[in-house]
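Please walk through the structure shown below from its overall layout to its individual contacts. The account that follows keeps to what can be read from the coordinates.

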Amino acid sequence: GFMMLELAVDEGLLRKEGSSYTFVHDQIQNAAYSLIPENERGSMHKKIGYLILTNASDDTIEDLLFLAADQLNRDNMGIEDEIERTALAKLNLRAGKKAMSEA
């Protein structure tokens, strides 16, 4: 877990910013992403989207709305449950309204 992240920081692949980690270059991120089998990428994005939604505090959820919606939309073909599809549509509507209000 975190030990591997710290190793990546030590190797110059990631940058630690507070409690967040970011890739130091887009090409490193692309290379890491290419290591994930294509048939697993959708479910990974879905997990990330739900982790964002379930772990965001009431204070930060609005700031993370676009990120969560983007992650969940990357697996929209893998969402077969009607309730999940409706929830994603509502999330997209909420994100769209936020985008329009910020334009």
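Is L14 buried or exposed? With a relative accessible area of 11%, L14 is buried, because a residue counts as buried when that value is under 20%. The model in which this residue sits is a predicted one, and the place of L14 within the model is in strand β1. From L14 to I79 the distance is 31 Å, C-alpha to C-alpha, and the two residues are 65 residues apart in sequence.

The overall layout gives a setting for these two residues. The protein contains 5 helices and 2 strands, and, read from the N terminus on, its elements follow the order α-β-β-α-α-α-α. Taken along the principal axes, the box filled by the C-alpha atoms is roughly 40 × 35 × 25 Å. The protein has 103 residues, of which 19% count as buried, and L14 is buried, as stated above.

The two strands can be taken together. Strand β1, residues 14-17, and β2 run antiparallel and are joined by 4 bridges. One pairing within the hairpin is that of E17, whose bridge partner in β2 is S20. Between the strands of this hairpin there are 2 residues, and G18 takes a positive phi near 65°. As a general point about such elements, the side chains of a regular strand alternate between the two faces of the sheet.

From the strands the path leads to the helices and to the nonpolar core. The largest nonpolar core is made up of 7 residues, namely L65, A69, L72, I79, L88, L91 and A95, and both α4 and α5 supply at least two residues of this core each. I79 is thus a member of the core, while L14, at 31 Å from I79 between C-alpha atoms, was met in the hairpin. A second pair of residues has a similar kind of description: N73, which is found in helix α4, is 65 residues from A8 in sequence and 28 Å from A8 in space, C-alpha to C-alpha. N73 itself counts as partly exposed, at 27% relative accessibility.

The charged contacts come next. The structure holds 6 salt bridges, and one of them brings together the side chains of E62 and R94, with 2.6 Å from N to O. Since E62 lies in helix α4 and R94 in helix α5, which spans residues 82-102, the pair ties together parts that are 32 residues apart in sequence. The two helices named here are also the ones that each supply at least two residues of the largest nonpolar core. Neither partner is buried: E62 counts as partly exposed at 33% relative accessibility, and R94 is partly exposed as well, with a relative accessible area of 38%.

Another of the salt bridges is formed by R74 with D70, whose closest N and O atoms are 3.2 Å apart. Here R74 is partly exposed, with a relative accessible area of 47%, and D70 counts as partly exposed at 33% relative accessibility. A further salt bridge joins the side chains of K98 and E102, at 3.5 Å from N to O, and these residues, being 4 residues apart in helix α5, are separated by about one helical turn. The surroundings of the two partners contrast, for K98 is buried, with a relative accessible area of 14%, whereas E102 counts as exposed at 52% relative accessibility.

The last feature to consider is open space. Rolling a probe the size of a water molecule over the atoms shows where empty space is left. The largest pocket has a volume of about 590 Å³, and its lining consists of 14 residues, of which Y21, F23, Q29, I48 and Q71 lie nearest its centre. Several elements meet at this lining, as β2 (20-23), α2 (26-34), α3 (38-55) and α4 (61-73) each supply at least two of its residues. The most is given by α2, with 4 residues. By class, the lining has 8 nonpolar, 5 polar and 1 charged residues. Both β2, which is joined to β1 by bridges, and α4, which supplies residues to the largest nonpolar core, therefore take part in the lining of the largest pocket as well.

Note on methods: Residues are numbered from 1 along each chain as its sequence is written. This is a predicted model: local features need pLDDT of at least 70, side-chain atom pairs count only at pLDDT 80 or more; totals for chains, interfaces and linings use all residues. Side-chain values use heavy atoms; hydrogens and water are left out. On a 1 Å grid over the protein atoms alone, a cavity is a set of points where a 1.4 Å probe fits but cannot get out, and a pocket is an open set with protein on both sides within 12 Å along at least five of seven lines; lining residues have an atom within 4 Å of a point. Grid points are joined across faces, edges and corners, and a volume is the space filled by probe spheres set on the points. Ala, Val, Leu, Ile, Met, Phe, Trp, Tyr, Cys and Pro count as nonpolar, Asp, Glu, Lys and Arg as charged, and the others, Gly among them, as polar. A salt bridge is a side-chain nitrogen of Lys or Arg within 4 Å of a carboxyl oxygen of Asp or Glu. Buried means under 20% relative accessible area, exposed over 50%, partly exposed in between (1.4 Å probe, protein chains only). Two strands pair if DSSP finds at least two bridges between them. A nonpolar core is a set of buried Ala, Val, Leu, Ile, Met, Phe, Trp, Tyr and Cys residues joined through side-chain atoms within 4.5 Å.
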